[in-house]
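Reader: I am new to this structure, and I would like to understand how the terms used for it are justified. Could you take me through them one at a time?

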Amino acid sequence: MFGMPTDAMTPTGFDPSMFMLSGYLLGLLGGLNLLAIILGVVTLPVFFLVLFGVEQVARVTANVSGWFPAKLVLYMFRGLRRSPLRTSLTYIALFVLTLVLSLIYSVLVFIGRVTTEKEADFKAIATHKTIIPSQMPRSHYEDFKKQLAKLPEGMRPVNGEADIMSWSFFFGTTDPISKRPDSNIFAFCVEPRKILTMMDGLDDLTGKEKADLDAAVAEMERNPQAIVMSKMRMKKMNLQIGQTIKVTGLSYADLVFDLQIIGELPDGKYDNISFINSAYLFRQLDAWKLNNPKNRTSEPHPMDAKCINLIWVRLPNKEAFERLAAAVNDTGNFSSPQIKLETASSGFGTFLEAFKDILWGMKYLMAPAMVAIMCLVIANAISIGVRERRTEMAVLKVLGFQPRHVLFLVVGEAMLVGLMAGFMSTLIAFRMIGNLKLQIAFFGAFFVPAEVLIYGPMLGAFVSVAGSLMPALAAKNVKVAEVFSKVA
Amino acid sequence: MPQPLVQVRDLHKSFTRGTERIDVLRDLTLDVGAAEFLALMGPSGSGKTTLLNLIAGLDQPTGGKITVGENVISEMSESELARWRTRHVGFVFQFYYLLPVLTAYENVELPLLLLPLTKEQRKKQVTNALALVGLPDRMSHRPGQLSGGQQQRVGIARAIVTDPELIVADEPTGDLDTKSADEILRLMEILREQLGKTIIMVTHDPKAAARAQRTLHLEKGQLVRDVVH
């Protein structure tokens, strides 16, 4: 996998996985652009409807007030109706730009949030020192708890046992023969009661959602074979609460789990994820060692010493973290394998380290490049419009309009489209994705921040103004006598 | 001759094309009286449209002096000329040049937007102008919904709506059939006779020029003949 020391490297030391990653990212970007174009086309009627509505408001305002700038704004709206095709294409271009950049911005905000250190009451993560994804033996979790107990008073977790948990990633299928994607289950095997206290996005539920989850956790405590699944996953697999399913381990080969669905996670929380009691996983591993007919030598299951993927602990302050990190790094305490302790944010940062160049490129190369290209696209579109309307601009000047009025008209028309495209695209991004608050595994919730509703229209307006500036200056400087002599 | 409204003295206009200098108008002097209907004729390239543009303040002369009323327009800046044009000059073009996205009313109202008038004052002036050109029932029509003759009438209404003392017309009948052209020329006569407007019209059509009081013939940037009808 990416970021891992890989045996799959070619003899030259070349890592082919980077090609795959590039392919995935290009595909993702291409798909995103395609989606944005489709959304832009789909929302075109709405755009023109809004345009018409706002124009009517501008018309009433201009007629009632008789104010010159209001009349100019009205003429801008009329100008946009002059070439519906060009206005549509400009709108779609700006729509795609602002939608894609809004999502990129959201991703960067999300990454910034998860990699920002908290000063107190923060989570620390213990993982394998070198391997991603981390794999550790069960004994490490117990040893880790012992190290916590050795911390001085005031440095230990405030809520004791409730502030520490282990994670075991489980991947299995209900259809071991054909192994279709819609029969796969990805689950976190955890101590049930920790779901209520340690899981981002689940520790702050209220009302019925909290009551339902409390009941589900209580049932998981009582019945180790219980499973809580996300609504989305249950719908995809056509499952219902109360059903029993047989899940064959894919990440835990030869292990079969009989699970009873006893609850569901709220929408948008850990979509496609399930929770299983870790005790059941450990019981199955133990059972494999003792009872499995395939295992005649009573060897432990191959995953037995690798079944803990992460250990989380909530610590009261930085000093506690530093003290615990020193103990964890001590090979006398954890040697086989060695592990490391990081804050959650630095852990995420380490995970994202492999992607840092890509993120840097997104932020400092791709986004500015997209803005620049879009400025050129807009400049081209507006230039064509200005060229077609040179005579009209000249007539306005003949009638006494000042050059600045002409400039204002051209820039204003472009800005209106930019503002509306920016607003509509970010509104869609915010409504479609923003209110879902997608929980991305242990990364926390990904959502589109509300500020994009301001930044999006501003970006659209900026790009359209920047793109229209040169054509607008050309229109402003139109020489009336030259225009009419050419026409004649 | 009536009291001159337009005084042109030693007017010179030249253009540079590459390294070549082209003298379009050379030491041209003329007077146009108030409430006079003057036609400018001449072959292509004789400088008549250039002269018209200079008198209307659309271009700046290379040398000489142009005075319209009490304003020496040859010494004005571009923005001063723009302001001056709004109040003192009305333009009628061969191809009308109405804004296609605006109604007849809005097209005629355009120059008034630049003046300190109330909405009611503007409405009154636009209505009067459109009534004068015989289109009171076409106010809400767009240019595309009007015939060529009607569009030119709207163009004339736009030219007179600010009540300018000078109207310049560049081949106003050049794009019209005989009947429409005759109507437009009649309208211009009315403007001169009833409203006292000074009209300078460039034309290639001798019949149209004959409707003016005086015809000036230009050749190679100079006045060669002055015919009073």
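Author: Gladly, and please keep in mind that this is a predicted model. A good place to begin is chain B, where buried residues make up 55% of the 229 residues.

Reader: What makes a residue in chain B count as buried?

Author: A residue is called buried when its relative accessible area is under 20%, and 55% of the residues in chain B are buried, so that share of the chain falls under this cut-off. The accessible surface of chain B comes to about 10000 Å², and carbon and sulfur atoms account for 47% of that surface.

Reader: How do you know which contacts in chain B join residues far along the sequence?

Author: A contact requires heavy atoms within 4.5 Å; among the contacts of chain B between residues at least 6 apart in sequence, 67% join residues at least 24 apart. The secondary structure of this chain comes to seven helices and 10 strands.

Reader: Why is the largest space called a cavity, and what is its volume?

Author: The name cavity applies because a 1.4 Å probe fits there but cannot get out, and the largest cavity has a volume of about 250 Å³. The count comes to three cavities of 30 Å³ or more.

Reader: What makes up the lining of the largest cavity?

Author: The lining divides into nine nonpolar, five polar and four charged residues. Among those nearest the centre are Leu80(A) and Glu413(A); Leu counts as nonpolar and Glu as charged, so these two residues belong to separate classes. H14(A) supplies the largest share of the lining, five residues.

Terms used: Residues numbered from 1 in each chain as written. Chains lettered and ligands numbered in written order. Predicted model: local features only at pLDDT ≥ 70, side-chain atom pairs only at ≥ 80, totals over all residues. Heavy atoms only, no water. Helix = DSSP H or I, 4+ residues; strand = E, 2+ residues; numbered from the N terminus. Buried < 20%, exposed > 50% of the residue type's maximum accessible area, 1.4 Å probe, protein only. Areas by Shrake-Rupley, 256 points an atom, 1.4 Å probe, with all protein chains shown as cover. 1 Å grid on protein atoms, 1.4 Å probe; cavity = no way out; pocket = protein on both sides within 12 Å on 5 of 7 lines; lining within 4 Å. Points joined across faces, edges and corners; volume = space filled by probe spheres on them.
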